[in-house]
Amino acid sequence: MANEITKILDTITPQQYNAYMQQYTAAKSAFVQSGIAVSDERVSKNITSGGLLVNMPFWNDLTGDSEVLGNGDKALETGKITAGADIACVLYRGRGWAANELTGIVAGSDPVRAVLNRIGAYWLREDQKALIATLNGIFATGTGGEKGALEETHVSDQSKASTGIDAGMVLDAKQLLGDSADQVTAIAMHSAVYTKLQKDNLIQYIQPTTATINIPTYLGYRVIIDDGIAPTGDIYTSYLFRTGSIGLNTGNPSGLTTFETSREAAKGNDMIYTRRALVMHPYGVKWTGAEVAEGNITPSNTDLAKFKNWQRVYEPKNIGIIALKHKIGK
C-alpha cells in the first residue's frame, strides 16, 4: 500500500491542485453559484504578483446641479470627478494532513485517498468562515462613540419584534439600498431560520434548466444556508446580497507552494500540505488593518471580525449587502 500511496501523491502537481480548487469552488460554492461572489481577473493577477494588499481604485459619482444655459454670455462651470480607493487584504492560509499506511491497512481503505477527496470541501468551508468573519466585522457595532463601517447605513434591526423573519422585515431591509434595492438576488441565513420558513410553507423551489437539484428561494431571493451565521442569544442575522457584492479571487504567487507532499519512511506516514492565497472582499468597504493581532502577517478570522479594520468608501446604496437582525419566532 505504501508504494501505491506514493504513486498517487506523485501524480498531483501544484498546477493540477490549483485548477481543481478553482473548478471545485465554481461548481460547489453557493455564494459563487448565486452570483454574489464574483472574480476579477485584475485582482487575481495582483494576488499572483505577491503582496499583502490589493488596491482597487474607483471613480466617485458625479455631483453638482446642472446649470441654466445663457444666451452667449454665460459660461458653464466645470466640476471634477474624484477617485476613491477600495483596499482588500490577501488571505494566506494553509493546512496539512498526515496519514499512516498501517491505519489504512487496518481500516481496509486508503486514508490518503480520503484526504484528497475531501480537500475541496474543506477549503470551501474555510472560505465561507472567512466570509462570515468579514461580514461580522463590517456590520460590527462600534464602541466609545466609534461606528462600525456599515452600522448606521446597512443594518435593519427588527429584533424587538417577537415574531420571526417575515416578508415585511425583508422588504424594509432591502429598501435601505433605495433605488438599487431591485438588484438584491439572494439571502443568507442560519439553518434554524430556514427550517422555520419551511414549517410556515414560505420556501419555494426552482430548478434551473442546467441543474439537477432544486434551489430554495424566499420572496424570489435565492436562499443560502450556513450555520456559521450564528445567532447572538435569540437574535439571528440574515444577510441580503446584491449580485456581485463580494469579490472572491485567488492567485498563485510564484514563491507559494500550493500543494506538496512529504513522507516519514521510518513511521510510515504520508503528509499532504496545501496553501492558498485569496481575496474575499465586500466591495465598497476597505480593509484598514487598524487592529490586527501581533504576529499575524495576514489577518486571521478573528482580525476580520473586528470593526476597526473596516471603513466604508462607496456611497451607501452602492454597497450591496444588508444585515437584517431578527428573532426566529415560534
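Start by selecting Arg-42: with a relative accessible area of 66%, this residue is exposed (that label means over 50% relative accessible area, buried means under 20%, and partly exposed lies in between, using a 1.4 Å probe and protein chains only). Before going on, note that this is a predicted model, where local features need pLDDT of at least 70, side-chain atom pairs count only at pLDDT 80 or more, and totals for chains, interfaces and linings use all residues. Residues are numbered from 1 along each chain as its sequence is written, and side-chain values use heavy atoms, with hydrogens and water left out.

Now add Asp-40 to the selection. Its side chain meets that of Arg-42 in a salt bridge, 2.9 Å from N to O (the criterion is a side-chain nitrogen of Lys or Arg within 4 Å of a carboxyl oxygen of Asp or Glu). Unlike exposed Arg-42, Asp-40 is buried, at 17%.

Next, show helix H4, residues 41-48 (helices are DSSP runs of H or I with at least four residues, strands are runs of E with at least two, and both are numbered from the N terminus). Color Val-43, Ser-44 and Ile-47, the buried residues of H4. Look down the axis: these buried residues fall within an arc of 100 degrees, so they line one face of the helix (the arc is taken from the directions from the helix axis to the C-beta atoms). Flip to the other side for the exposed Glu-41, Arg-42 and Lys-45. Just past H4, click on Gly-50, which has a positive phi of about 95 degrees.

Jump to strand S8, residues 215-218. Both of its faces are covered: Ile-215 and Thr-217 are buried on one side, Pro-216 and Tyr-218 on the other. Bring in S7 (residues 204-206), which pairs with S8 in the antiparallel sense over 3 bridges (pairing takes at least two DSSP bridges between the strands). Here Tyr-205 has Pro-216 as its bridge partner. Then add S9 (residues 221-225), antiparallel to S8 and joined to it by 2 bridges; Tyr-218 partners Tyr-221. In the S8 and S9 hairpin, with 2 residues between the strands, Leu-219 takes a positive phi near 55 degrees.

Back to salt bridges: the structure holds 11. Select Lys-196 and Asp-200, whose closest N and O atoms are 2.6 Å apart; Lys-196 is buried at 16%, while Asp-200 is partly exposed at 37%. Then try Asp-270 and Arg-263, which meet at 2.7 Å, N to O. Asp-270 is buried at 3%, and Arg-263 is partly exposed at 32%. For a last stop, select Glu-146, Glu-291, Asp-303, Lys-306 and Lys-308, joined into one network by salt bridges that share partners.
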